[in-house]
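Me: I'm new to this one, so could you walk me through the labels and how each is earned?

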Amino acid sequence: MKVLHWLDRNFELLILAIMLAVMCVLSFANVVMRYGFHHALTWSDEVCCYLLALSAFFCLPCAIRRGVSLKVDTLTRLLPEAIQRYIEILITLVMMGIIWFLFQGTIELIGKADLIHQASPALRIPVASLYRFMALGLALGMIRYVQLLYRLFTGKAQTEADNGNDMENEKEEMN
């Protein structure tokens, strides 16, 4: 049970850390190969480029989980707390709609890439596989918004102040 609890709180961070580590190792190895052996790794730039692009899709659920999404809340902070809560719920539902729209577009991209057997230039990786990782990041974002909605409805999340971020509670639970 502790493993599931840890994964709930850190899964996206783990994926992002692995992506960053791979990008660093490949970039360093490419520099060593290029300047030390005069032979660059032609495929490492492609892998780093794809990992960097995919990291954006895993930053989304991470930001939602941590409650660090960008927003302008000057007006809503002037409103009573009950109204702030309703606005937060409405905004969360709108964001879920946007992510659902993006998810559907990604599913279409996967289908089209599979249909034409599109592959990456250097490694010949099926592009549909890369799009599947994009879809996974968006699905995780949707799950994180569902969790946020649950916390908002049950009153376990503070409105506006932290966008449902319960990281302070986690620190207290750890002690």
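Here is a short back-and-forth on a few labels, bearing in mind that the model is predicted.

Me: Why is the pair of Trp100 and Phe103 called stacked?

Reply: Ring centres have to lie within 6.5 Å to pair, and planes under 30 degrees apart count as stacked. Trp100 and Phe103 come in at 5.7 Å centre to centre with 25 degrees between the planes, so the pair is stacked. The structure holds one aromatic pair, and its two residues both lie in helix H3, three residues apart, about one turn of the helix.

Me: Why is Trp100 called partly exposed?

Reply: Over 50% relative accessible area would be exposed and under 20% buried. Trp100 has 45%, so it falls in between. Phe103, with 21%, is partly exposed too.

Me: How do you know that H2 and H4 are roughly parallel?

Reply: Helix H2 (residues 44-66) and helix H4 (residues 127-154) pack at an angle of about 10 degrees. Angles under 35 degrees count as roughly parallel, so that label fits H2 and H4. Their axes are 7 Å apart, and the contact includes Phe57 and Ile64 of H2 and Phe133 and Leu140 of H4. By class, that contact has 14 nonpolar, three polar and three charged residues.

Me: What makes up the largest nonpolar core?

Reply: The largest nonpolar core has 19 residues, and Met19, Leu54 and Phe58 are among those with the most contacts inside it. H1, H2, H3 and H4 each supply at least two residues, and H4 gives the most, with seven.

How values were computed
Residues numbered from 1 in each chain as written. Predicted model: local features only at pLDDT ≥ 70, side-chain atom pairs only at ≥ 80, totals over all residues. Heavy atoms only, no water. Phe/Tyr/Trp six-rings, centres within 6.5 Å; stacked < 30°, edge-to-face > 60°. Helix = DSSP H or I, 4+ residues; strand = E, 2+ residues; numbered from the N terminus. Buried < 20%, exposed > 50% of the residue type's maximum accessible area, 1.4 Å probe, protein only. Axes fitted to C-alpha atoms, helices over the stretch in contact; angles between N-to-C directions. Parallel < 35°, antiparallel > 145°, perpendicular 65-115°, else oblique. Contact = heavy atoms within 4.5 Å. Nonpolar A, V, L, I, M, F, W, Y, C, P; charged D, E, K, R; others polar. Core = buried A, V, L, I, M, F, W, Y, C linked by side-chain atoms within 4.5 Å.
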